Amino acid sequence: MTARKTLAVLLLLVSALFVSGCTEELSAEEIAEQMQEKESSIQDYSYTMHITSHFGEQTLENEILTLQKKPNKVKTIAIKPEEEAGTMVVSDGEVMWTYDPKTNTVMKMEMPDTPVLGEMDYAGIIGEFLNETDVSLLGMEEIDGRSAYLLETSPKGDGEGIQLVDGMKLWVDKETWMPLRYEMYDSDGSLMIELEIRDLKVNQGIPDSEFVFEVPEGATVKTVDLDSFELPEEMTLEEARESAGFEILVPEYLPEGYAFNHSTVSNNSWIAFEGHACETVSLTYENEEGDIISLSETVYETEAPEAPIMNTAEDVSINGAEGKYLTLGDMKILSWEIGDIGLGLSASLEKAELLKIAESVRENA
């Protein structure tokens, strides 16, 4: 089970358990059926989610307040970390506003007539997830003095692709069916992410006024046309070189069995504020087993923004240049710079092998 799919369905699974209750035998059919029956009873909810992410001996803490109201109103406000506090996303179902208090900038997005991800069959997603995952009821535990069901999930078989999240534990309050806590583990059994849902309130009659955004005084507003967004096209390396606005760097070394698969060229000018625009070239290499090496190269209009997650990364040297190395489950990530190009290399390889690939990426003579 890949991380993106696991994280996406986790909240759906939590919601299904919350609205339907929990049984001794958790089958995909039962959860999907009960979710369909009970989902209509929830009109609005709010909660504060506290997230603790573990990266080796380093931890990151995030806290986000969320309000949601049917059919499509949502509001999130960042509380932690301090540097992100006040960052806000508000949608009334027709327009989505994103506000960054640090720069006093607002992004306004008209929601497309057709959902970006299409119509979602939540029951079908839950069913597919549980068909690929073993879910077991471990017993009962007390969380903050409350009796809770303790559930555990693990992928069936060996799984495919890079495994960021290999198993989860979930505590569901016996009395209210509130998900009190859930944890995610990597393939080594190490705790990666802890999530706690606090102050959960359901059907409190959240007023529509909560989802009306007022532009702060002096804020810069950028309007984005989401209907015009298109995913970057896969192309050959030669096509990418013709399309990119900078000279693409390629690794001279690849592990045995890996070969170039495709590249993409994209820029964020349609969504970025002045000075934050960038162009990114992604190179994908693959072996016969479907394992992937991804190399991204980005040139920013001005200075590249900091990635908070990399603050917890290990310092490394790549051909004398400062770099960062981070492990996320089975995925290993390197980041460094060559001239004005910011590079990111990711794969499920050992650190030494990843460094060897990175060191073979050199500025063209």
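**Group meeting: a seven-stranded sheet and one exposed loop residue**

In β14, F260 has Y285 as its bridge partner. I start with that pair because strands are most of what I will show, and this is a predicted model.F260 belongs to the pairing of β13 with strand β14, residues 278-286. These two strands are antiparallel and are joined by eight bridges.

Now the sheet as a whole. The sheet is open and has seven strands. Reading across, the order is β13-β14-β15-β19-β18-β17-β16, and the pairing is antiparallel. At the edges are β13, residues 259-267, and β16, residues 314-318, each of which pairs on one side only. With direction ignored, neighbouring strands in this sheet are turned by 20° against each other on average.

Next, strand β18, which covers residues 331-338. Is β18 mostly covered or mostly uncovered? It is mostly covered, with six of its eight residues buried.

β18 has a partner on either side in the sheet order, β19 and β17. I take β17 first. Strand β17 runs from 321 to 328 and pairs with β18 in the antiparallel sense, over six bridges. Within that pairing, G323 stands opposite W336 of β18. The hairpin of β17 and β18 has two residues between the strands, and G329 there takes a positive phi near 65°.

Then β19, residues 341-347. How many bridges join β18 to β19? Seven, and the two strands run antiparallel. Here S335 has G344 in β19 as its bridge partner. The hairpin of β18 and β19 also has two residues between the strands, and in this hairpin G339 takes a positive phi near 65°.

One helix goes with this part of the model. Helix α5, residues 351-359, lies across β15, β16, β17, β18 and β19. Its angle to β16 is about 45°.

Last, a residue from another part of the chain. Where is E94 found? It is in the loop between β4, residues 88-91, and β5, residues 95-100. E94 counts as exposed because its relative accessibility is 60%, and the cut-off for exposed is over 50%. Leaving aside neighbours within four places in sequence, E94 is in contact with M109, E110 and M111. From E94 to N72 the C-alpha to C-alpha distance is 8.6 Å, and the two are 22 residues apart in sequence.

Terms used: Residues are numbered from 1 along each chain as its sequence is written. This is a predicted model: local features need pLDDT of at least 70, side-chain atom pairs count only at pLDDT 80 or more; totals for chains, interfaces and linings use all residues. Side-chain values use heavy atoms; hydrogens and water are left out. Buried means under 20% relative accessible area, exposed over 50%, partly exposed in between (1.4 Å probe, protein chains only). Helices (H or I, at least four residues) and strands (E, at least two) are DSSP runs, numbered from the N terminus. Two strands pair if DSSP finds at least two bridges between them. Contact means heavy atoms within 4.5 Å. Axes are lines fitted to C-alpha atoms, for helices over the stretch in contact, and angles run from 0 to 180 degrees between N-to-C directions.
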